[in-house]
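Reader: I am new to this structure and would like a close look at a single part of it, described slowly and with its surroundings. Please take the sheet and the helix that lies across it, and say what one residue of that helix touches.

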Amino acid sequence: MERRNETSASEFILLGLAEKPEQETLLFALFLCLYVVTVVGNLLIILAISSESHLHTPMYFFLANLSLVDFCLATNTVPKMLVNIHTKSKSISYPCCLTQMYFFHFFGIVDSVLIAVMAYDRFVAICQPLHYTTIMSPRLCGLLAGGPWVFSCFISLTHILLMVRLVFCGNEIPHYFCDLTPLLRLSCTDTSVNKFFVLIVAVMVIAIPFICILASYARIIVAIMQVHSAGGRKKAFSTCTSHLSVVALFYGTTIGVYLCPSSVHTAVKEKASAVMYTAVTPMLNPFIYSLRNRDLKGALRELINRKITSSS
């Protein structure tokens, strides 16, 4: 038994998404495309916002931060899966597994809190427009953007410190990256402390931000309904539709994974949800925010035109 524990603690096997070997080529092509679009889309958003002075506002500042986090979240999981498929090797060392798990939770927590911060920004812009620039000062924006990074660092580190005390009786993870829940199932020691901490963190970084978002939009809807002109109501609500789409995508999957009872979880559901918030959502966010935003579309067009002109 001791030899088995030593082996399982030095290396894990990521079983991945494919149930049959012939599916791996299709998965490789699909996730490579998803990742390339994610990288290009999010980096273009960051470059467009940083290069256009008229986009240096709180809303676009938070959007640039979200794009950076989405890029990092996808980069933490997808490239390793692509390498595993390409090399026909599914192994990952114990330190690399813990590192991947740390950054997965780190960027996931930052993502969740940032989405709530963006809802607060929309609340202030619509419900208190005359005081918007005073309330959303550069200092407050810096705290709202930087705070989640510091908070997430401590939470993710605690997850890892609780994980390293466990002994594992197996080394096959039915997932395509090192996630907390599949690893806990492999442990043959008591995981009650880990599971309790997972629940506390899920309430803190998923349930509470989601409730804050709902409260913000409840106030926003009340404020919009008090606008007399139909055009004014449509314009006010149009600034929120992109963010609401992101909220639905992100929280719709994470709530199902981390707040629903474990009895309703299956490996297939967990992997499908993980694909949504590690690959699909980071890819879609640039499209969601740019397609309905005239200023951002104009900045992206200007950025691309400059690059084409400079290269020619």
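Author: A polar contact, as the term is used here, is a pair of N or O atoms within 3.5 Å, and within protein one of the two must be able to donate a hydrogen and the other to accept it. That definition will be needed for Q100, but the setting comes before the residue, and it should be said at once that this is a predicted model.

The protein chain has 11 helices and 3 strands, and read along the sequence these follow the pattern α-β-α-α-β-α-α-α-β-α-α-α-α-α. The radius of gyration of the protein chain is 21 Å, close to the 20 Å that the globule rule gives for 312 residues, so the chain is as compact as a globular protein of that length. Along its principal axes the C-alpha trace spans about 70 × 50 × 30 Å, and buried residues make up 48% of the 312 residues. Among contacts between residues at least 6 apart in sequence, 79% join residues at least 24 apart.

The 3 strands form an open sheet in the order β2-β1-β3, with mixed pairing. The edge strands are β2, residues 91-93, and β3, residues 172-173, each of which pairs on one side only. Strand β1, residues 11-14, is joined to β2 by 3 bridges, and these two strands run antiparallel; here F12 stands opposite I92, while E11 stands opposite S93. Towards β3 there are 2 bridges from β1, and this pair runs parallel, with I13 standing opposite E172. The side chains along β1 alternate, in that F12 and L14 point to one face and are buried, whereas E11 and I13 point to the other face and are not buried.

Helix α4, residues 94-127, lies across β1, β2 and β3, and runs at about 85 degrees to β2. Within this helix is Q100, the residue for the close look. Q100 counts as buried because its relative accessible area is 5%, and buried means under 20%. Leaving aside its neighbours within four places in sequence, Q100 is in contact with N76, T77, K80, I92, F177 and C178. One of these, I92, belongs to the sheet, being the residue in β2 that F12 stands opposite. With C178 there is a polar contact of the kind defined at the start, for the side chain of Q100 reaches the backbone nitrogen of C178 at 2.8 Å.

For a second view of a helix residue, one may turn to T253, which is found in helix α9, residues 230-258. T253 is also buried, with a relative accessible area of 11%. A polar atom of its side chain lies 2.9 Å from the backbone oxygen of F250, so that by the 3.5 Å cut-off this pair, too, falls within the distance for a polar contact. Apart from its neighbours within four places in sequence, T253 is in contact with S273, M276 and Y277. T253 and V275, which are 22 residues apart in sequence, are 9.5 Å apart in space, taken from C-alpha to C-alpha.

Key. Residues numbered from 1 in each chain as written. Predicted model: local features only at pLDDT ≥ 70, side-chain atom pairs only at ≥ 80, totals over all residues. Heavy atoms only, no water. Pairing = 2+ DSSP bridges. Helix = DSSP H or I, 4+ residues; strand = E, 2+ residues; numbered from the N terminus. Contact = heavy atoms within 4.5 Å. Axes fitted to C-alpha atoms, helices over the stretch in contact; angles between N-to-C directions. Rg over C-alpha atoms; globule rule 2.2 N^0.38 Å. Buried < 20%, exposed > 50% of the residue type's maximum accessible area, 1.4 Å probe, protein only.
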